[in-house]
Amino acid sequence: KKRVYDFTQGSKEQKDLLGGKGANLAEMTSIGLPVPRGFTITTEACLEYLNSKNLDAELIKEIETHIARLEKETGKKFADNENPLLVSVRSGSKFSMPGMMDTILNLGLNHQSVEILAQKTGNPVFAYDCYRRLIQMFGDVVKAVDKNLFEEALTDYKINHGYTSDTEMQAVDWKQIIKQFSEIYLKEVGEKFPQEPAEQLYAAVEAVFTSWNNPRAVTYRRIHDIPDTLGTAVNIQEMVFGNTGAKSGTGVAFTRNPATGEGGVFGEFLMNAQGEDVVAGIRTPRPIQELKEDNPDIYRQFEKICQQLEAHYQDMQDIEFTIEEGKLFILQTRNGKRTAKAAFKIATQLAEDGVISKKESLKRLTPSMITQLLHPVFDEKSLAQNQAIAKGLPASPGAAYGRVYFNAQDAQNAHEAGQKVVLLRTETSPEDIEGMLVSEAIVTSRGGMTSHAAVVARGMGVCCVVGCEALNVNEKRKQAQYGTQIIKEGDIVSVDGTTGNIYRGEIKLDKAQDLEILGKVLKWAAEIGDMKVRANAETVDDIKTALDFGASGIGLARTEHMFFGKERILEVRKMFLSEEEMQRKKSLETLKEYQKKDFLEILSLTEGMPCTIRLLDPPLHEFMPKTKEEFEEVAKACGQSVDFIIQRGKELEEFNPMLGHRGCRLAVTYPEIYEMQVEAIIEAALDLAQAGKQVKPEIMIPLISEERELTYLKELLESKIQKLFKESGREVAYKIGAMLEIPRACLTADKLASAAQFFSFGTNDLTQLTYGFSRDDSVKFLPEYIEKRILQDDPFQHLDQDGVGALMKTAIGLVKPEYPEISFGVCGEVGGDPEAVTFLKKIGLDYVSCSSYRVPAVLLTIAQSST
Ligand code: ADP
Ligand code: MG
Ligand code: MG
């Protein structure tokens, strides 16, 4: 089997066999670019070597044949001192991978041939420089000699001779260095630097192969999910020299700006330099535009090659080049790494130029790039100077800094006084909403990815870190402790919602992102995608954001969120806690007016689109007063004694509120609440219809588990609606449907279907009930489950396809054949999980609904996976 390929034999399609570098060197050779000649030893040869620990005779023979061919073509000889052939030995696996062997340059030189090279070129400085580099690189890479020993020796020499730069070194100086380096080599390795080129070569090849299993490389592969079974190729290539003097040089350039995506060659170069001098930081490289002034011919040639390569690879390229005595050589090309911003710019530009299709351009973007584009990130330099003091769960992306406050009221006050605020609490509750709204970031020491703080912050697009257990928060004393340190009220912290890190002090933000381009991408995504995306949103801002991003309606408007304002919650409390029928009626009336106003807003914003409004869902206790002041306030408002109200509160207390008196169960015992909400919805819809607006309210009943529960409530609501229609003499279209969030409901969905016009899976509760994992407590054990590989990941974040998914599939399977017109949606957190998208499409879901800020990522994923 062939294990060595000449550059004239391979192609860019052969990355598996030839590695990325080798495949592209071959490709560039075949399209006629000036690439120094050479050949590639395959990854298969590497894997065989790693097994046998031995370069077998046949492989050596194959290499010899290719060396002979190289000698013939170059007119130079490898083991000959008259006209020595020098090569580089370069590793290159399928994926570029730091931590593996580096490159060895100038291989083939020895004590004799270096003199010949000096004479032949009349350039001893150059020749000696090459040789000392070889000893250094070979020592470092093949024999693991600490490269600092060489660097230090060179630095000392320069200091002693009053030189500030390598370019000041004369031939005699380099000769001295060669002597010193040879001694270092001898001392460290225990044998002389090998003089035989073939010996150098095979040692280098073996070192490249072996480096595949370097601990650093192994770790890198594990982190990046690169299989260990790929192996690395080795490229052996004739040297061209950028270090022969002022007419030579070396550089790296991108075909576009990798930070912004702007067109035009972008890069750096150094004259009289070799290899990685440009990136090594020893000398300061110059911007490539200066090459245009110094050497317009070369520059023009290079620019043309950049365009040619970009057109050929249909993507932005990262190119390494060398100039030898005014002649240009290309040494590497690959798709260039880029920022999220540049990725957007380049992908859309290429599509608009007709180089790639719109779908292909979407495939080059990732949800995490959208996240980066949408949210500010910390300035990289500032970030590097800071160390995190604590780490929690990255609940809502973004970066922010501000002064710490320990309760919502203080946060609000500080905000009103013009401060940037970070709300730091043990956990948040609905009453904290207003304080959360004004915060730059929210941090909690408890709670998981679906805790109140996390869900609300994501909904608002506010940076949030939860479950930061290293912080011991004391809200009473207004301080938080970590280790022996204390954060006091007003101290500045910086919060990274993308990593979960918390820092002390202010870290600069890097904001300016281009949202126009995102709009374009999302429009394409919505065109191409084959499943709809709606939003979980109820505030004007969130709805607007979602629609701007291309959501095609609202999949979940949570009515309870509208009850948490100061005045409203008092009415809610009065409604539940007062004994008096009259009092309750009055509270309901007031609440209805609030709600009608809400629905007018929501429904008119979503004109022409479906808008699913969920009736009241959370457990009673979320609405109950907690502090003494709150009890007093309610008592006063109801005209009752505080004791009485406390007593009433006690009566309503539950052992297990999440499984208790909530959702439709509240409506069975207090039907007037849902009646009130439905009145508000229908009245709002009637008003809007009257004004000529097309509205499509979908009324959704939560927590249904039993057919008769649904029929009972549906009849109740329908008779209310019919009454409203009669009274007004007008009608509007509406739907009534149910959430499927209890396993029993999924298993009996066909029975529910006779009373429902649509269904929506509430995957948060469905996951909680399927696993029996309490959403609010699972943070205590789930991380360990994941660490111990009992679970792959958090099922509240990533849809559990085997369990929860099976229930969903069952429900759809029971319903769709008989009721094809009934639509199915998902409105839990996992609606925003890109990995679940393919699965959800497959089981026949009509749409997913996720928080506004996740709409873009989900739209993108759907488009990418559409056929
Ligand atoms: P890396 O994968 O770390 O970029 P490379 O194999 O690309 O390593 O080598 C690094 C640099 O060494 C190249 O960018 C080039 O400047 C120089 N180099 C490699 N091979 C040759 C060669 N045959 N002639 C001249 N320079 C070379
Ligand atoms: Mg390198
Ligand atoms: Mg390179």
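**Notebook: a ligand shell, two domains and three helix pairs**

I began with ligand 1 and sorted the residues of the shell around it: five are nonpolar, seven polar and five charged. I note here that the model is a predicted one.

Next I looked up which residues come nearest to ligand 1. Of the 17 residues around it, these are S88, R90, T103, G275 and E320. I then checked which elements give two or more residues to this shell, and found the strands β3 (87–93), β5 (232–238), β9 (317–324) and β10 (327–335). I also asked which domains the shell draws on. Domain 1 (4–240) and domain 2 (241–338) each provide at least three of the shell residues.

**Domains**

I turned to the domain assignment of the protein chain. It gives domain 1 (4–240), domain 2 (241–338), domain 3 (377–510) and domain 4 (529–865). For the first pair I looked up the separation: the centres of domain 1 and domain 2, taken over C-alpha atoms, are 21 Å apart. The contact between them involves 22 residues of domain 1 and 19 residues of domain 2.

I followed the domain 1 side of this contact further. Helices α1 (15–30) and α5 each supply at least two of its residues. The largest share, four residues, comes from α1. By type, I sorted this side of domain 1 into 10 nonpolar, eight polar and four charged residues.

**Helix α5 and its partners**

I had met α5 on the side of domain 1 that touches domain 2, and I looked up two helices that pack on it. The first was α4. The axes of α4 (residues 111–121) and α5 (residues 124–143) come within 8 Å and cross at roughly 150°. Angles over 145 degrees count as roughly antiparallel, so I wrote down α4 as roughly antiparallel to α5. The crossing of α4 past α5 is right-handed. From α4 the contact takes V114, L117, A118 and T121, and from α5 it takes P124, F126, A127, Y128 and Y131. I sorted these contact residues into eight nonpolar, one polar and no charged.

The second partner was α7. I found that the axes of α5 and α7 (residues 171–189) also come within 8 Å, crossing at roughly 15°. That is under the 35 degrees that bounds roughly parallel, so α5 counts as roughly parallel to α7. Here α5 passes α7 in a left-handed crossing.

I listed the contact from both sides. On α5, the residues are P124, V125, Y128, D129, Y131, R132, I135, Q136, G139 and K143. On α7, they are A171, W174, K175, I177, I178, F181, S182, Y185, E188 and V189. The contact of α5 with α7 divides into 12 nonpolar, three polar and five charged residues.

**Helices α20 and α35**

Last, I looked at α20 (residues 515–528) and α35 (residues 855–865). Their axes are 8 Å apart, and the helices pack at an angle of about 45°. I entered α20 as oblique to α35 because of that angle. Their crossing is left-handed. The residues that make the contact are L518, L522, A525, A526 and I528 of α20, with P856, L859, L860 and A863 of α35. What types are the residues of the contact of α20 with α35? I counted nine nonpolar, no polar and no charged.

Methods: Residues are numbered from 1 along each chain as its sequence is written. Chains are lettered from A and ligands numbered from 1 in the order in which they are written. This is a predicted model: local features need pLDDT of at least 70, side-chain atom pairs count only at pLDDT 80 or more; totals for chains, interfaces and linings use all residues. A residue is near a molecule or strand if its C-beta atom, placed from the backbone, lies within 6 Å of it. Ala, Val, Leu, Ile, Met, Phe, Trp, Tyr, Cys and Pro count as nonpolar, Asp, Glu, Lys and Arg as charged, and the others, Gly among them, as polar. Domain bounds come from an automatic or database domain assignment. Axes are lines fitted to C-alpha atoms, for helices over the stretch in contact, and angles run from 0 to 180 degrees between N-to-C directions. Angles under 35 degrees count as roughly parallel, over 145 as roughly antiparallel, 65 to 115 as roughly perpendicular and the rest as oblique. A crossing is left-handed if the near helix is turned anticlockwise from the far one by less than a right angle, and right-handed if clockwise. Two residues are in contact if their C-beta atoms, placed from the backbone, lie within 7 Å.
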